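Work through these three exercises with the model open beside you. Try each task before you read its solution.

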Amino acid sequence: MKRKLLSIILAAAMFCTSSALTVSAAEPAAHTGSAAALTRASVDEAYVYEAITALKDKYPDGMDWTNDQFYIWNGGGSYIGGYGCVAFAFILSDAAFGNLPSRQCDTLDLSAIRVGDIIRYSEHSVIVLEVHEDHVVVAEGNIAGIVMWGRRVSIGELSGGFDHYLTRYPKDAEAAAAALGDVNEDGDVDAADAANILVAAAAVGAGKDSGFTEQQKKAADVNGSGGFDSQDAANILQYAAAAGSGFKGSLEEFMKTLG
């Protein structure tokens with residue numbers, strides 16, 4: 001009973017405030033997670049992104065969203081649910097992760113942030129849609145009393161008021177997401193991954209964003225140089241050729257054969 005009471009107090013503490021918001025004293029409208037929510041043993045960022053953005057029509061840009069909205073989520077942890085911005089993030093999270101449990105991380109590491117993670121900063125919660133070198137793209141509720149999709153939040157803005165973030169990726173899925181060479185995260189290491197590296201390296205050479213997430217950058221650094229370039233792409237092509245000729249080992253094992 002004490003634990004349940006503590007969870008309720010913590011949920012209430014996650015209210016999002018806005019200078020333009022007047023909170024009604026009426027009983028907040030409650031939403032609950034679907035009983036048919038899918039429990040997934042493993043998840044990937046492409047699936048999570050599609051599940052979240054599929055809700056754009058139901059919760060469009062500019063839709064009214066205030067602290068009158070309350071949602072009981074399936075993620076557990078320290079919270080049974082939340083109001084306002086928290087409610088919106090929890091709804092989208094449940095759509096992607098079903099009944100998978102959440103884990104709280106108290107250190108901001110952009111390289112560890114993934115699509116679908118919920119970041120709490122400056123008394124506001126957002127759910128991540130994209131991760132880039134110096135910013136994230138988010139979806140959020142109760143931003144000036146409305147729903148907003150696609151806002152860019154810089155690493156500086158996050159750092160300034162960072163509190164914690166919640167992730168629901170199983171730890172084994174985190175390891176799989178960083179599989180060496182599998183830049184497009186389709187489960188294979190082949191010419192398509194090499195091509196993606198070449199395009200990204202050309203973009204960086206032209207002073208543009210690579211378009212890679214931090215996980216993709218790790219996967220692209222095939223030779224362990226600390227970055228990615230045409231040499232990493234060449235190594236992937238060598239590996240693909242070897243695999244086609246009967247080599248049965250992983251890319252890591254193949255790289256060892258190169259000395």
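The exercises below concern a predicted model.

**Exercise 1.** Find what Arg114 pairs with in a salt bridge, and say what the pair ties together.

Solution.
- Step 1. Side chains of opposite charge can pair when their charged atoms come close.
- Step 2. Arg114 forms a salt bridge with Glu45; their closest N and O atoms are 3.4 Å apart.
- Step 3. Arg114 lies in the loop between β4 (103–105) and β5 (118–121), and Glu45 in helix α2, so the pair ties together parts that are 69 residues apart in sequence.
- Step 4. Buried means under 20% relative accessible area. Arg114 has 2% relative accessibility, so Arg114 counts as buried. Glu45 has 6%, so Glu45 counts as buried.

**Exercise 2.** Describe the surroundings of Asp221.

Solution.
- Step 1. Locate Asp221: the loop between α7 (214–220) and α8 (230–244).
- Step 2. Look for a partner. Asp221 is buried yet has no salt bridge. The nearest side chain of opposite charge, Lys218, is 11 Å away.
- Step 3. Check the backbone. The Asp221 side chain reaches the backbone nitrogen of Gly226 at 2.9 Å.
- Step 4. List contacts beyond four places in sequence. Among them are Leu180, Phe228 and Asp232.

**Exercise 3.** Which residues of the largest nonpolar core touch the most other members?

Solution.
- Step 1. This core has 29 residues; Ile52, Phe88, Phe90, Leu92 and Trp149 touch the most other members.
- Step 2. Trace the sources. α2, α3, β6 and β8 each supply at least two residues of this core. The largest share, 10 residues, comes from α3.
- Step 3. Zoom in on Ile52. Its contacts include Leu92, Ile127 and Trp149.

Methods
Residues are numbered from 1 along each chain as its sequence is written. This is a predicted model: local features need pLDDT of at least 70, side-chain atom pairs count only at pLDDT 80 or more; totals for chains, interfaces and linings use all residues. Side-chain values use heavy atoms; hydrogens and water are left out. Helices (H or I, at least four residues) and strands (E, at least two) are DSSP runs, numbered from the N terminus. Buried means under 20% relative accessible area, exposed over 50%, partly exposed in between (1.4 Å probe, protein chains only). Lys and Arg count as positive and Asp and Glu as negative; His and the chain ends are not counted. A salt bridge is a side-chain nitrogen of Lys or Arg within 4 Å of a carboxyl oxygen of Asp or Glu. A polar contact is a pair of N or O atoms within 3.5 Å; within protein, one must be able to donate a hydrogen and the other to accept it, and residues adjacent in sequence count only if both atoms are side-chain atoms. Contact means heavy atoms within 4.5 Å. A nonpolar core is a set of buried Ala, Val, Leu, Ile, Met, Phe, Trp, Tyr and Cys residues joined through side-chain atoms within 4.5 Å.
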